[in-house]
Amino acid sequence: MEVLCLFIPQLPLPQEARPEAAPPVPDAGCRPAFEAALGILDRFGPAVEASATVPGKAFLDVTGTRELFGPPADLAEQVIREVLRDAGLRSRAAVAGSKFVAGVAAPLAAAGPLVVPAGGERRFLAPLPVEILPVSPEALSWLRRLGLRRLGQVAALPENALASQLGAEGTAAHRLASGIDREPVVPRPRPDILEETLSFETPLESREALLAAIDKLLDRLVPRLRKRYQVCGELRLCFTCDAAGSGGAQSGAVPFDGVRPRPDAVNLKTPLDSRAEIRGILKRHLEAAAFPEGVSEVRLGLARLGGEAGRQAPLSSATKRRQAEALQRLEKDLGARFGHGSLKKVVALDPGSRIPERRMALVDACAEQQGYGGAEQQGYGGGEEQA
Amino acid sequence: MVTPLNAPREIRVAAAGSGGPASVRAAGRQRRVARISNEWRIDDEWWRQEISRHYFELELGDGQVITVFRDLASGKWYQQRC
C-alpha cells in the first residue's frame, strides 16, 4: 500500500467565524475550502479520506499510480501545485507505506514533498516524540514514566512487554512506532445520486428530441461519474409535462423521485459507467414506455453509486466461458510441455509486510482455488522468480 | 506450493571499513558504490527464526540504484528489490 497525506496547515475560516470561537473540529467553517482540496485529491485516485481527528489533513491511496503520475515525489509535487492553483491553499504532502507514517510525515514536509521509502518507516519514526502516538493519556503517561521519549525507544521494546502492560493499546503503539500500520484509506461518503436537469421553453414533442436531451444530460453526468471512479446501479428519469389546458405539471412515463426509491426507476442488472450502454438502456426504456407529449423538463439521475467492485460481469457470458476454456487449454499445453503445476498465479500474501519476499507469491493456478494458506514457504538464497 | 516473489539473491559485496558496501559484483563485474542513499534495519520474527537485516540502497558508479542487505545472522549479502 502507498498512501499520500495532504496537510493544509492554515485553512481559511469563514468571515463570521471568530478564531476564539472556532471549535477544534474538522467540520468547522473551513469545510468548503477543505472540500475543494478533497475534490482535487479525487483527480488522483478513488480513495480519499478526510482525517477524523486532525483538521486539514486528508489521505489518498496512491497504490499502483506510478504509471499514471510517476514516482511518489512527483505525484506529491503535482498535488501541492494543483491545490495551490485551484483551491488557493498552501499545503504539504508526504507519501509512505501507511496512513500513520504518511500522516506523521506530512506536517513535517515544510520544505517540499517527503517520501518515506518502504522499509524505512521505523528509521524515519525513531527520533520522533511518543506524543504523536494515538494512544490514551494514561498510556502516554505510562510510557513517559518509563523514560520512553522517542518512538525508536518504544519500537525497541518487545511487543509483548507493551501488550502485557497496556493491552491492545500497547500492541498498537508498538506496531505504529515500528512503522506497521495496515489501516486502509476509507473513501469518504458521497451523495448517492448524480443528477442533471434540462428545461425547454418550447415543449419537446418527439422521442428523437427527448433522446437528444438525454444525450446532453449523459454528456454532463457520465464524466462526473467516471471522475469519481464509480459505477451506477440505477437510472432515474423524469419528464415534466405541460398538461394540455390545465397548465400544471405532471410526471411523465418514468417518474422521478430524488428521495424515495421508485419501483419504476430503471434498475441495472450490472452497474455501469459506459455512456453508450446507459444510453442504449434509456433508449429502449423510452421506446417501451408510454410517451408523454409536451415535455418541458427532463431530469436524469444516476443512482446507487458504487465502486468498481460493484461491476459484476455475468458469470454465464460467452466471453467468460471462452476465457475459462482458453485458460484450461493453456494449462493443459503447459502441463504437457513443462510438467504438472507449471501454470502459476501471483497472489498478495501480506502486501504491507516489512519483509519484501513476504508480500507477493506465486501459487499453482489450480492450488489457488483449493486454498494455499497452509502451504510451506520456501526459504531464500537462490529463489528464482517464475512467470 | 507457495513460492515467494522477490526472494533475496546472494551477491558478492566488498565491505568498507565502516561496514557499508564499497563495491558489489553485479551483472558479472565488480562495480563501485558511488553513494549509500539510504539504509535501514529490519529485525523481526525473533520468536521463531529471527530475521535481522541491514539494508542499503546504493547508487552505483554508473548511476544504477540497487538495494542490498547483510543478513546479520549469517553475515552473507543479498540483493533484493524493495
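Let me start with helix α12 of chain A, which is hardly covered in this predicted model, since not one of its 21 residues, a count of zero, comes out as buried. The helix takes in residues 318-338, and from its first C-alpha to its last it reaches 30 Å, which is close to the 30 Å expected at 1.5 Å a residue. Just after α12 of chain A comes Gly339(A), and the phi of that glycine is positive, near 105 degrees.

Now to the buried parts of chain A. The largest nonpolar core holds 52 residues, and the ones that touch the most other members are Leu4(A), Cys5(A), Leu6(A), Ala94(A), Ala102(A) and Ala105(A). If we take Ala102(A) from that group and leave aside residues up to four places away in sequence, we find that Ala102(A) touches Val3(A), Leu4(A) and Cys5(A), then Phe59(A), and also Ala94(A), Val95(A) and Ala96(A). Apart from this largest core there is another one, of 22 residues, with Phe239(A), Val298(A), Leu300(A) and Ala303(A) among them.

That leaves chain B, and here one may ask how many helices and how many strands its secondary structure comes to. There are zero helices and eight strands, so that reading from the N terminus one simply meets β-β-β-β-β-β-β-β. Chain B has 82 residues, of which 26% count as buried. As for its contacts, if we consider those with a separation of 6 or more, 31% of them are accounted for by residues 24 or more positions apart.

Note on methods: Residues are numbered from 1 along each chain as its sequence is written. Chains are lettered from A and ligands numbered from 1 in the order in which they are written. This is a predicted model: local features need pLDDT of at least 70, side-chain atom pairs count only at pLDDT 80 or more; totals for chains, interfaces and linings use all residues. Helices (H or I, at least four residues) and strands (E, at least two) are DSSP runs, numbered from the N terminus. A residue is buried if 20 or more other C-beta atoms lie within 10 Å of its own, exposed if 12 or fewer, and partly exposed in between; C-beta atoms are placed from the backbone. Two residues are in contact if their C-beta atoms, placed from the backbone, lie within 7 Å. The expected span of a helix is 1.5 Å times one less than its number of residues. A nonpolar core is a set of buried Ala, Val, Leu, Ile, Met, Phe, Trp, Tyr and Cys residues joined through C-beta atoms within 7 Å.
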